[in-house]
Amino acid sequence: MIETTYMGLELRSPVIVSSGPLTQNLVSLKKAEEAGAGAVVLKSIFEEQINNDISKEMAENEEYLAHSDAGTFFASSARDYYIDRYMKLLTEAKKELSIPVIASISAKSMDSWIDWAERFVKCGADGIELNYYPISSDASVPGEEVDERFIDFARKAREGIDGPLSIKMGYKYSSLASLISSLDQIGIDGFVLFNRFFRPDIDIEKLEISSASPVSSKDEYAEALRWIGLMSGEVKADFAGNTGIHNGETTVKMLLSGAKAVEICTAVVQHGFGVIGEINSFVEDWMKRHNYASTSDFIGLLSQEHIQDGWKWERTQFLKTIGQ
Ligand SMILES: Cc1cc2nc3c(=O)[nH]c(=O)nc-3n(C[C@H](O)[C@H](O)[C@H](O)COP(=O)(O)O)c2cc1C
């Protein structure tokens, strides 16, 4: 009854365990399935980290790798090592789990990781989720160029990768609606709104840059809700809500705004895998109370295109001042 479809995949529940600490080994992946998850997204393989590790190793072994061929050979075998390790987890997960297993690539370059994705698809990945966030901190690069690069990136991904392909993205673009619409036209099957990226902070005692909390609070879902509400009726691709979805109530809100599924991480980190069953039960009970037999009866019911007062999704200002 709480089944849904996401990027053409049949999910027994709208709850997907998102890429992160809970999806990096087989034991946790099996727990996610046992707890009732609809799918899992494996912890990302990070292009940037692999490149950094390889550069570090090469610098430490400079005298042995002085010959240019040796360097190239070393870099390519080291890269294969990381990819093989990822494929091992993916192959094991595909063997042991019956729910869809989505591989995740945190991409930095435009296309060097495409052959990794192809190998993951050959290993049985049910889909590829690309985690991509070019931070536009270069003042000489105008917004359109940042968007164009993103669109090029997605085009290359679509041309190179067979099967369901999603992009997990942020929202700081000059026109998010136009960007999502262009990515949809390229044939991206799913959008995960929004990734919660590393956030910097400052340690005022050590006078150092530090890291803000990696976990979300349960009130952080509003921007994802807004943008799914605005865009889900506009494009062919499916949406998965992400960030700040900690319970059944927020999951129902996401589905009403038009999400086909939700991806959760913090709730499971903080409360254990049991929270997945709790969300499933909440959604089921809510559907009974509202006489919905299937999730398709209410997914998108409150998206902008389905309601009279759709302008509410665009509202940004509190119109009354405090005290009035
Ligand atoms: C410790 C940690 C590691 C994460 N690693 C990844 C990752 O490898 N790839 C990715 O796409 N997202 C990663 N995430 C982000 C989560 O998948 C998720 O998008 C984010 O936590 C927001 O969802 P939430 O509010 O349910 O936690 C990570 C999050 C945490 C807390």
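Okay, let's start in the middle of a sheet: strands β7 and β8 run parallel, and 4 bridges join them. One of the places to look is Leu130, whose bridge partner in β8 is Ile167. Between the two strands the chain passes through α5, and that β-α-β crossover is right-handed. Before I go on, keep in mind that this is a predicted model.

Now the other neighbour of β7. Strand β6, residues 101-106, pairs with β7 in the parallel sense too, over 5 bridges. Here Leu130 turns up again, with Ile105 standing opposite. To get from β6 to β7 the chain goes through helix α4, residues 114-122, and this β-α-β crossover is right-handed as well.

So is β7 itself buried or exposed? Mostly covered: it spans residues 127-131, and 5 of its 5 residues are buried. Ile128 and Leu130 point one way, while Gly127, Glu129 and Asn131 point the other way, and all of them are buried.

Let's stay with Ile128 for a moment. What does Ile128 touch, leaving aside residues up to four places away in sequence? The list is Ile102, Ala103, Ile105, Ala117, Phe120, Val121, Ile161 and Leu165. Ile128 also matters for the bigger picture of the core. The largest nonpolar core has 77 residues, and Ile128 is among those touching the most other members, along with Ile16, Ala37, Val40 and Leu90. The element that gives the most to this core is α7, with 6 residues. As a general point, nonpolar side chains in soluble globular proteins tend to be buried together.

Next stop, helix α6, residues 176-186. Which of its residues are buried? They are Leu179, Ile180 and Leu183. These three sit on the same side of α6, because they cover an arc of only 95° around the axis. That fits the usual helix pattern: an α-helix has 3.6 residues a turn, so residues three or four places apart point the same way. And what covers the buried residues of α6? The cover includes α5 (143-160), β8 (165-169), β9 (190-193) and α7 (222-231). So we meet α5 and β8 again here, as part of that cover. Right after α6 comes Gly187, with a positive phi, near 110°.

Last, zooming out to the chain. How many helices and strands are there? The chain has 10 helices and 13 strands. Of its 324 residues, 39% are buried. And if you take contacts between residues at least 6 apart in sequence, 73% join residues at least 24 apart.

Methods: Residues are numbered from 1 along each chain as its sequence is written. This is a predicted model: local features need pLDDT of at least 70, side-chain atom pairs count only at pLDDT 80 or more; totals for chains, interfaces and linings use all residues. A residue is buried if 20 or more other C-beta atoms lie within 10 Å of its own, exposed if 12 or fewer, and partly exposed in between; C-beta atoms are placed from the backbone. The arc is that of the directions from the helix axis to the C-beta atoms. Two residues are in contact if their C-beta atoms, placed from the backbone, lie within 7 Å. Two strands pair if DSSP finds at least two bridges between them. A crossover is right-handed if, with the strands pointing away from the viewer, the path from the first strand over the helix to the second runs clockwise. A nonpolar core is a set of buried Ala, Val, Leu, Ile, Met, Phe, Trp, Tyr and Cys residues joined through C-beta atoms within 7 Å.
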